[in-house]
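Please read the following briefing on charged side chains and their surroundings alongside the sequence and the coordinates.

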Amino acid sequence: MGVRKRERAEQVKEANKQVAFAKLNNCPTSPRKMRLVADLVRGQKVEKALNILRFSSKEASRKLEKLLLSAIANWQAKNSDSNIEEAGLIVKEIRVDGGMMLKRLRPAPQGRAHRIRKRSNHVTIVLGSNNNTQSN
């Protein structure tokens, strides 16, 4: 039993070397706006994703570009002997979840108050190598 467990652990370790991720927590942008930009780069090659984010006019693209560069640096730290161009890195998964909400009150007519919800989000990017299939 111990030998199989050790072999399985080595397989998992090898699989984890091919995957790198980065997280951005409590980013002060609404998740809906961030998802619009995240959908542009999901499944793309890393070089193409960086170009898409660099030339996008949305504010969320600046934050995602920085996060993608962080994920690339994390991959390079894991695979110091590998070359990033030969690895064929793609954005395997990009997830945008809702973060905490700041609740504020805005004055309304006739002495009322309306609640303003200032939303934030959590973004997770997972990079993986995809040598066998070509992505557009």
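At 33% relative accessibility, Asp-97 counts as partly exposed, the class between buried (under 20% relative accessible area) and exposed (over 50%), with a 1.4 Å probe and protein chains only. This is a predicted model, in which local features need pLDDT of at least 70 and side-chain atom pairs count only at pLDDT 80 or more, while totals for chains, interfaces and linings use all residues. Residues are numbered from 1 along each chain as its sequence is written, and side-chain values use heavy atoms, with hydrogens and water left out.

**Salt bridges around Asp-97**
- Asp-97 forms a salt bridge (a side-chain nitrogen of Lys or Arg within 4 Å of a carboxyl oxygen of Asp or Glu) with Arg-95, and the closest N and O atoms of this pair are 3.7 Å apart.
- Arg-95 is likewise partly exposed, its relative accessible area being 35%.
- A network of salt bridges links Glu-93, Arg-95 and Asp-97, and a search of the whole structure finds five salt bridges.

**Helix H4 and its salt bridges**
- Helix H4 (a DSSP run of H or I with at least four residues, numbered from the N terminus) covers residues 59–78.
- With 20 residues, H4 reaches 30 Å from its first C-alpha to its last, close to the 28 Å expected at 1.5 Å a residue, where the expected span is 1.5 Å times one less than the number of residues.
- The buried residues of H4 include Leu-64, Glu-65, Leu-68 and Trp-75.
- Lys-63 forms a salt bridge with Glu-59, with the closest N and O atoms 3.1 Å apart; because the two are four residues apart in helix H4, about one helical turn separates them.
- Lys-63 is partly exposed at a relative accessible area of 24%, whereas Glu-59 counts as exposed at 54% relative accessibility.
- Arg-54 forms a salt bridge with Glu-65, the closest N and O atoms lying 3.2 Å apart.
- This pair links distant parts of the chain, with Arg-54 in helix H3 (residues 46–54) and Glu-65 in helix H4, 11 residues apart.
- Glu-65 is buried, with a relative accessible area of 14%, while Arg-54 is partly exposed at 40%.

**Positive surface patch**
- Lys-103, Arg-115, Arg-117 and Arg-119 gather in a patch of positive charge on the surface, a patch being made of residues with over 30% relative accessible area and no salt bridge, with like charges joined within 9 Å.
- Arg-115 lies in strand S4 (residues 113–118), a strand being a DSSP run of E with at least two residues, and Arg-115 counts as exposed at 58% relative accessibility.

How values were computed:
Patches are made of residues with over 30% relative accessible area and no salt bridge: like charges are joined within 9 Å, nonpolar side chains (Val, Leu, Ile, Met, Phe, Trp, Tyr) within 5 Å. Accessible areas come from the Shrake-Rupley method with a 1.4 Å probe; for residues, only the protein chains shown count as cover. Lys and Arg count as positive and Asp and Glu as negative; His and the chain ends are not counted. The place of a charge is taken as NZ of Lys, CZ of Arg, CG of Asp or CD of Glu.
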